[in-house]
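Please look over the structure shown below together with its sequence. The report that follows takes up its sheets, its helices and some of its individual residues.

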Amino acid sequence: MAYDKEEINLEKENIEVDNMIEYAYKNLKTKYIGRELVYLDSIDSTNIKAKELAAQGCADGAVVISEEQTNGRGRLGRSWVSPKGQGIWMSIVLRPDIKPSDAAKTTHIAAAAVWKAIYELGVDAQIKWPNDIVINSKKVCGILSEMSTELNSLNYIVVGIGINVNIDKDSIPEELSSVATSIKKEVGKEVSKGELLIRLLSNFEELYEELIDYGTIINSINICRDSSVLIGKRIKVILKGQEVEREAIGITNEGELLVSDDMGNVSPLISGEVSVRGIYGYV
Ligand code: BTN
């Protein structure tokens with residue numbers, strides 16, 4: 001795509017185009033994911049902005065990305081620390097023709113796309129089903145998917161992705177330092193946010209097309225299985241405040257985590273309904 005401020009959807013309040021976004025404008029080769037790209041210097045939450053744009057009719061695949069979030073949101077009502085210029089804080093608007101009950105599949109697609117983008121930069125990461133990417137057992141990325149529905153039909157999905165790319169170790173809040181990290185902290189050098197961003201968007205598009213064309217997410221699930229940090233481990237499953245211990249034994253083609261109890265009874269867990277943790281900590 002040519003770097004043309006007239007063609008792209010640069011918001012007026014945005015002052016600077018830094019390397020990440022300039023690199024993305026020049027090098028992005030996707031068909032529709034990120035073609036409408038709203039780049040902001042600061043915003044409360046890219047998910048909130050993306051939902052506003054979706055309600056106003058923005059394109060399928062539109063992306064909102066911000067240098068910082070002042071009120072980044074995580075799962076289960078948590079906040080998401082999003083310091084300026086140090087990460088990828090972005091949301092993708094999707095309008096797939098699928099049932100609301102299949103919307104969580106976009107989370108598995110996003111997890112696989114992020115994992116693959118990090119892998120392509122030469123960094124070894126793992127996926128903690130369903131929403132997190134981890135390096136050396138600590139979280140570097142979280143995904144928050146939100147949907148809008150009407151009469152059991154899907155209006156849109158917003159897939160929010162936060163990647164701690166170049167956060168310095170001193171900038172990770174003390175209370176999070178045992179569970180959270182950044183790619184820079186783990187590999188000992190800065191990583192190109194622009195390269196990570198375009199790889200993420202093109203991986204996402206490729207994996208998402210399987211859902212659109214065939215209704216399946218086998219390629220994404222294979223990535224989630226092969227890079228799973230949970231499979232083969234004993235885990236704590238937290239459902240409606242109740243905690244039980246299980247062994248994680250696999251992931252179904254639909255994206256459910258298969259767990260086994262001590263009697264060998266196997267059951268599927270649906271993402272969104274449960275939280276999982278390692279027995280002794282985060283994983
Ligand atoms: C989690 O692991 O709890 C999910 C974190 C999701 C954070 C991202 S950052 C971009 C997008 N905007 C938000 O407010 N949240 C998501």
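The sections below describe a predicted model, beginning with the sheets and ending with backbone geometry.

## The seven-stranded sheet

Seven strands make up an open sheet of mixed pairing, and their order across the sheet is β1-β2-β3-β7-β6-β5-β4. The edges are taken by β1, residues 37-43, and by β4, residues 126-128, each of which pairs on one side only. On average, and with direction ignored, neighbouring strands of this sheet are turned by 20 degrees against each other.

At the β1 end of the order, β1 pairs with β2, residues 63-69, in the parallel sense, and six bridges connect the two strands. Within this part of the sheet, V38 stands opposite V64 of β2.

## The five-stranded sheet

A further open sheet consists of five strands in the order β11-β10-β9-β8-β12, with antiparallel pairing. Because β11 (266-269) and β12 (275-278) each have a single partner strand, these two stand at the edges, and one side of each is left without a neighbour in the sheet. Here the average turn between neighbouring strands, direction ignored, is 45 degrees.

The partner of β11 is strand β10, residues 257-260, and the two pair in the antiparallel sense over four bridges. One bridge can be named by its residues, since L257 has L269 in β11 as its bridge partner. As a general point, strands of a sheet pair through backbone hydrogen bonds, either parallel or antiparallel.

## Helix α5 and its surroundings

Helix α5, residues 193-214, lies across three strands of the seven-stranded sheet, namely β2, β3 (87-94) and β7 (153-164), and runs at about 25 degrees to β3. Helix α5 also packs with helix α3, residues 105-120, at an angle of about 140 degrees and with the two axes 8 Å apart. At that angle α3 and α5 are therefore oblique to each other, and their crossing is right-handed. Residues of α3 that make the contact include I109, A113 and A117, while those of α5 include L200, F204, L207 and Y208.

Two residues of this contact, F204 and Y208 of α5, also belong to an aromatic cluster, in which ring pairs link them with Y32. A search of the whole structure finds three aromatic pairs.

## A buried serine in a loop

S182 is found in the loop between β7 and α4, the latter spanning residues 183-187. With a relative accessibility of 0%, S182 counts as buried. Apart from its neighbours within four places in sequence, S182 is in contact with V140, N164, V165, I167 and I172.

## Backbone geometry in the loops

Most residues other than glycine have a negative phi, and most peptide bonds are trans. Against this background, W129 and P130 are joined by a cis peptide bond, with omega at about -5 degrees. P130 has its place in the loop between β4 and β5, residues 132-135.

Two residues that are not glycine have a positive phi: S137, where the angle is near 65 degrees, and K240, where it is about 50 degrees. S137 lies in the loop between β5 and β6, residues 138-150, and counts as partly exposed at 39% relative accessibility. K240, in turn, is in the loop between β8 (234-239) and β9 (242-251), and this residue is exposed, its relative accessible area being 80%.

Terms used: Residues are numbered from 1 along each chain as its sequence is written. This is a predicted model: local features need pLDDT of at least 70, side-chain atom pairs count only at pLDDT 80 or more; totals for chains, interfaces and linings use all residues. Side-chain values use heavy atoms; hydrogens and water are left out. Rings of Phe, Tyr and Trp (its six-membered ring) pair if their centres lie within 6.5 Å; planes under 30 degrees apart count as stacked, over 60 as edge-to-face and the rest as tilted. Two strands pair if DSSP finds at least two bridges between them. Axes are lines fitted to C-alpha atoms, for helices over the stretch in contact, and angles run from 0 to 180 degrees between N-to-C directions. Contact means heavy atoms within 4.5 Å. Buried means under 20% relative accessible area, exposed over 50%, partly exposed in between (1.4 Å probe, protein chains only). Angles under 35 degrees count as roughly parallel, over 145 as roughly antiparallel, 65 to 115 as roughly perpendicular and the rest as oblique. A crossing is left-handed if the near helix is turned anticlockwise from the far one by less than a right angle, and right-handed if clockwise.
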